[in-house]
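Thanks for coming. I will take the interface first, then the DNA, then some pairs of charged side chains.

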Number of protein chains: 2
Amino acid sequence: MSGGMIKVLLAEDQSMVREALAALLGLEDDIEVVAQVARGDEVLAAARAHDIDVALLDIEMPGATGIEAAAQLHKELPGLKLVVLTTFGRPGYLRSAMEAGADAFLVKDAPAAQLAEAVRKVLAGERVIDPTLAAAALAGGANPLTDREREVLRAAADGSTNAELAAALHLSQGTVRNYLSTAIQKLAVRNRAEAVRTAREKGWL
Amino acid sequence: MSGGMIKVLLAEDQSMVREALAALLGLEDDIEVVAQVARGDEVLAAARAHDIDVALLDIEMPGATGIEAAAQLHKELPGLKLVVLTTFGRPGYLRSAMEAGADAFLVKDAPAAQLAEAVRKVLAGERVIDPTLAAAALAGGANPLTDREREVLRAAADGSTNAELAAALHLSQGTVRNYLSTAIQKLAVRNRAEAVRTAREKGWL
DNA sequence: GGTGCCGCATGACATCTGTCATGCGGCACC
DNA sequence: GGTGCCGCATGACAGATGTCATGCGGCACC
């Protein structure tokens with residue numbers, strides 16, 4: 001911890017938000033944003049190039065999600081602290097982030113002061129998680145969908161027909177229908193559109 | 001323009017982003033964020049209470065959209081300059097924002113420097129619009145959907161069945177099908193899910 | 001005061017979607 | 001080396017969805 005400054009990498013795709021967050025952290029005396037990236041697949045290289053203490057990762061990014069980036073960092077650079085930041089407080093996101101090795105999980109709805117606070121806390125070895133979200137994640141239970149069901153549902157999300165899904169996934173049309181049918185039942189909804197909707201809401205997609 | 005400081009109202013629902021943007025603007029010598037709100041339906045009251053020069057409005061907010069808020073402000077407080085800010089660079093959004101009386105339209109993808117710049121420019125009487133977006137809005141043409149088609153499509157967006165839509169909108173099931181059918185044709189897609197998707201993308205919903 | 005568009009409706013039809021029963025090979029677990 | 005789950009498939013069926021032709025009343029525009 002040379003000079004006492006906490007060195008942070010900031011990953012967020014929207015320039016204006018990213019630079020605004022950097023400005024916010026820049027107001028803190030003990031925090032320094034030393035690198036910024038706009039894509040998930042640029043995080044690892046930037047982290048290696050900059051000798052940082054904490055990585056701040058938005059989930060929704062092109063190239064790779066912040067959760068995927070967190071998993072990479074956790075594997076390649078253990079010791080580095082990981083803060084995952086997201087617009088959507090979906091229980092499934094929290095769960096995935098934790099499994100990827102995140103030390104903190106913040107939603108953008110939270111007061112800005114929590115950001116710097118979380119950075120300091122994870123560096124002190126603490127974990128930072130919104131209690132409400134943690135409860136929801138535990139109560140909501142694990143993702144009930146199998147890999148294939150998730151895969152098919154994700155592919156169906158844009159309104160593709162069964163025939164298109166079958167071609168894209170190299171499955172028969174009947175099989176596609178079966179997967180969607182079981183997904184619909186597991187999610188207790190009445191058609192694929194609702195299934196996509198609720199799976200998204202829970203962070204299961 | 002007492003004291004030479006530009007007084008800004010900031011409306012954005014995500015606290016962290018809102019406060020980060022405030023920090024960003026706070027770095028400018030000639031700009032001062034004098035009020036912040038998190039809901040679209042609180043914008044007008046805040047604007048009246050604070051004697052501001054520029055209102056910075058996010059589109060996606062609870063209560064009322066930034067575009068609706070812009071329309072209110074334009075009507076009630078003409079003279080006030082309006083900057084609309086959004087995550088999504090949808091041509092329809094730009095069009096609606098301009099019709100609502102906005103002086104500037106910015107996407108959050110743009111460099112942070114453009115924000116302060118836009119604030120200064122609108123105050124100088126200029127209009128600020130991303131040229132790429134402007135072209136897309138003109139090329140994309142106007143919304144081809146009728147009011148009813150839009151209404152039905154919006155209601156169908158969450159996966160409701162025809163029967164539910166008919167009940168909710170006080171229409172017969174056949175009529176619902178007709179509206180969706182014409183909307184599907186106008187949008188050149190093959191089912192309601194795709195229709196919802198592309199209408200959203202263009203900002204026509 | 002026609003002409004034409006819009007909102008609303010009906011009925012018929014083809015297609016798509018969701019469900020269910022059933023089957024088979026592979027693989028893991030006891 | 002059974003038993004059972006998973007991935008994949010088929011076929012049949014009911015119900016939902018999308019299309020089309022057609023009709024009627026209201027209203028705006030020339």
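A salt bridge here is a side-chain nitrogen of Lys or Arg within 4 Å of a carboxyl oxygen of Asp or Glu. This is a predicted model, in which local features need pLDDT of at least 70 and side-chain atom pairs count only at pLDDT 80 or more, while totals for chains, interfaces and linings use all residues. Residues are numbered from 1 along each chain as its sequence is written, chains are lettered from A and ligands numbered from 1 in the order in which they are written, and side-chain values use heavy atoms, with hydrogens and water left out.

Start with the contact between the two protein chains. By that rule, two salt bridges cross the interface of chain A and chain B. In one pair, E164(A) meets R190(B), with the closest N and O atoms 2.1 Å apart. On the chain A side, α1, β5 (104-107), α5 (113-123) and α10 (192-202) each supply at least two of the residues that touch chain B; helices (H or I, at least four residues) and strands (E, at least two) are DSSP runs, numbered from the N terminus. The largest share of that side, eight residues, is from α1(A). By type, the side divides into 16 nonpolar, seven polar and nine charged residues. For that count, Ala, Val, Leu, Ile, Met, Phe, Trp, Tyr, Cys and Pro are nonpolar, Asp, Glu, Lys and Arg are charged, and the others, Gly among them, are polar.

Contact means heavy atoms within 4.5 Å, and 32 residues from chain A and 31 residues from chain B take part. About 2,400 Å² is buried between chain A and chain B, with carbon and sulfur atoms giving 61% of the area. That figure is the accessible area (1.4 Å probe) that two parts lose on being put together, summed over both.

Take one residue, Q14(A), in the loop between β1 (6-11) and α1 (15-26) of chain A. Is Q14(A) buried or exposed? Q14(A) counts as buried, because its relative accessibility is 12%; buried is under 20% relative accessible area, exposed over 50%, partly exposed in between (1.4 Å probe, protein chains only). Leaving out residues up to four places away in sequence, Q14(A) touches T87(B), K108(B) and D109(B).

Next, DNA strand C. There are 17 residues around the strand, and S181(A), R192(A), R148(B), S172(B) and Y179(B) come nearest; a residue is near if one of its heavy atoms lies within 4 Å. The largest share of this surface, five residues, comes from α9(B). Of the strand's atoms within 4 Å of the protein, 68% belong to sugar or phosphate and the rest to bases. Polar side-chain atoms of S181(A) and R148(B) each lie 2.7 Å from a phosphate oxygen. For N178(A), the partner is a base nitrogen, 3.0 Å from a polar side-chain atom.

Last, salt bridges within a chain. E149(A) pairs with K186(A), the closest N and O atoms being 2.9 Å apart. Since E149(A) lies in helix α7 (residues 147-156) and K186(A) in helix α9 of chain A, the pair ties together parts 37 residues apart in sequence. E149(A) is buried at 6% relative accessible area, whereas K186(A) is partly exposed at 38%. In chain B, E149(B) and K186(B) also meet in a salt bridge, 2.9 Å from N to O.

Note on methods. Polar contact = N/O pair within 3.5 Å; in protein donor to acceptor, adjacent residues only side chain to side chain.
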